[in-house]
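Here is a quick tour of one model, written for someone who likes to have the coordinates open alongside. Load it up and follow along.

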Amino acid sequence: MTGLLEEDGLNRESLSIKAAIATLGCKVNQYESEGLGEALARRGYTMVPFSSVADCYIINTCTVTARTNYQSRQIIRKAIRNNPEAVIVVTGCYAQTAPAEIAGIPGVTLIAGHAEKDQIPDLIARLLKERLEIRVGDIGQTRQFSSLAATRFKDHTRAFLKIQDGCNAWCSYCIIPSARGRSRSLAEGSVLEQLAHMGRTGYREVVLTGIHLGAYGQDFSPQSSLVDLLRKVEEQHPVERLRLSSIEPTEISDDFIALLRQSALLCPHLHIPLQSGDDSILTRMKRHYTTSFFKDLLEKLCRTIPDLAIGIDVIAGFPGEDEAAFERTVELIESLPVAYLHVFPYSVRPGTPAAAMPDQVSPDAKKKRAEILRTLGTCKREVFARRFHGRSLRVLVEERRERSSGLRKGFSGNYLPILMTNADASQVNQLVQVQIENIDGTRISGRIMTP
């Protein structure tokens, strides 16, 4: 241990240094935070809850909305209040896009961009409280995939594996390409190796994540694709279930649909961003499909894979969205075979084309439209769930319990959250068959079937 600590620029005292990490935003950020935590633990740091007094706080920020910027600043200030003498490290998308804003917060020690995130574990021991250091390079020039790899996921039954980073799409409302840089992919061999390791360590299900997952392999020479990768994973079958995070509608090919239909590994669950149900708004958003294309795609998917769960993203109140455009969005979603919605009121992101567009929608109108869409989403969840009353579904049992009833919870392959009336501790992290007995709104419960 001494040699390792000296090599990393640390000493035996590092074993008593307490570090804490807070994460905002997407599964990619969550994955990277787990990787940071593992890297710090290997160097002898003691990882503690973020609410406790620590010697070092790392805040892995998000910038997808103005609200997440505000939340990031709140958490930074909370860490400083917890221990004014601590090393305060700020990284993530907000750090990449607005380092000067963060530097204005007294008490911040290090601001690290995405390309510099891998260096954080080696920098912490050398930082002085009085010194502010900003390490934020041009993320647009980064082509290397991050070396931070997470292998353990505290409080999660499912594991996550980041296989892609960055985005080349440049939707008019989105700051993420500026924050994450160009699309880049984890080598196929590394994907297969890490999946195999997760399977050996006991994970039954792994979620493949990325900023623009469907662009996987396009940066390779020769080019590859997500379908090519999934076929190789299917051959090796390193885990029992594989789930995909969000994938763009234009990247769901016939080959992809055929693979999903035939797969014994892939969960029948897709999350596909719609964003708007009005063609003129989609054009303003620089989304490269039409509403008719989207509807035809979803109907084709559900014809081919009848029990498939499809979730969609939708933005309420994009610039230029009048009442007629919003009504077209509602009508389209009502007609779509979707299982749930993720609804986001449009948030102005400085530096994006949408921020300078005329006809900005008022905050009150955005809030009202978001509420209407969320109500519609709740109805869609209930309708989808009721299809499975009386049926048997394969469920991964989780450790956590519902607070009100104390029942254990799990997710089916098609992403239905199911409470189990007879699950016990021995069945945690096991895939079991559950008979669906009761559906009350969006609350689903059932009994584990004996073999």
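What follows walks through sheets, a helix, a hairpin and some salt bridges.

## Before you start

Keep in mind that this is a predicted model.

## The β12-β13-β14 sheet

Let's begin with an open sheet of three strands, ordered β12-β13-β14 and paired in parallel. Its edges are β12 (269-275) and β14 (340-345), each of which pairs on one side only. On average, neighbouring strands here are turned by 20 degrees against each other, ignoring direction. If you want to check the register, β12 and β13 run parallel and are joined by six bridges, and His271 has Gly311 in β13 as its bridge partner.

Two helices pack on this sheet. One is α13, which touches β12, β13 and β14 and points at about 175 degrees to the direction of β13. The other, α14, touches β13 and β14, and its direction makes about 170 degrees with that of β14.

## A closer look at α13

This helix has 13 residues, and from first C-alpha to last it reaches 18 Å, close to the 18 Å expected at 1.5 Å a residue. Which residues of α13 are buried? They are Ala325, Phe326, Thr329, Val330, Leu332 and Ile333. Looking down the axis of α13, you'll find its buried residues within an arc of 165 degrees, so they line one face of the helix.

And what do those buried residues pack against? Their partners are β12, α11 (279-285), α12, β13, β14 and α14.

## The β7-β10-β11 sheet

There is another open sheet of three strands, in the order β7-β10-β11, and its pairing is parallel. The edge strands are β7 (159-162) and β11 (241-244), each pairing on one side only. The average turn between neighbouring strands of this sheet is 25 degrees, direction ignored.

Zooming in, β7 and β10 (residues 205-209) pair in the parallel sense over four bridges. Phe160 has Val207 in β10 as its bridge partner. Lying across β7 and β10 is helix α2 (residues 27-42), which runs at about 100 degrees to β7.

## Antiparallel strands and a hairpin

Now for some antiparallel pairing. Strand β18 (residues 431-440) pairs that way with β15 (residues 392-401) over five bridges, with Val395 matched to Val432 in β18. β18 also pairs in the antiparallel sense with β19 (residues 443-448), this time over six bridges, and there Ile439 has Ile444 in β19 as its bridge partner.

How many residues sit between β18 and β19 in their hairpin? There are two, and Gly441 in the turn has a positive phi of about 65 degrees.

## Salt bridges

The structure holds 26 salt bridges. Take Arg73 and Glu101, whose side chains meet at 3.6 Å, N to O. This pair links distant parts of the chain, with Arg73 in helix α3 (residues 66-82) and Glu101 in helix α5 (residues 99-103), 28 residues apart. Arg73 is partly exposed at 23% relative accessible area, and Glu101 is partly exposed too, at 47%.

Next up, Arg387 and Asp307 form a salt bridge at 3.7 Å, N to O. Arg387 sits in the loop between α14 (363-386) and β15, while Asp307 is in the loop between α12 (291-304) and β13 (309-316), so the pair ties together parts that are 80 residues apart in sequence. Both ends count as partly exposed, Arg387 with a relative accessibility of 40% and Asp307 with 26%.

The side chains of Arg369 and Glu323 also meet in a salt bridge, at 3.2 Å from N to O. Here the link runs from Arg369 in helix α14 to Glu323 in helix α13 (residues 323-335), 46 residues apart. Is Arg369 buried or exposed? Arg369 is buried, with a relative accessible area of 6%, whereas Glu323 is partly exposed at 48%.

Finally, there is a network of salt bridges to pick out on screen. It links Glu32, Lys117, Lys162, Asp165, Arg180 and Arg184.

Terms used:
Residues numbered from 1 in each chain as written. Predicted model: local features only at pLDDT ≥ 70, side-chain atom pairs only at ≥ 80, totals over all residues. Heavy atoms only, no water. Pairing = 2+ DSSP bridges. Salt bridge = Lys/Arg side-chain N within 4 Å of Asp/Glu carboxyl O. Buried < 20%, exposed > 50% of the residue type's maximum accessible area, 1.4 Å probe, protein only. Axes fitted to C-alpha atoms, helices over the stretch in contact; angles between N-to-C directions. Contact = heavy atoms within 4.5 Å. Expected span 1.5 Å × (residues − 1). Arc of directions from axis to C-beta.
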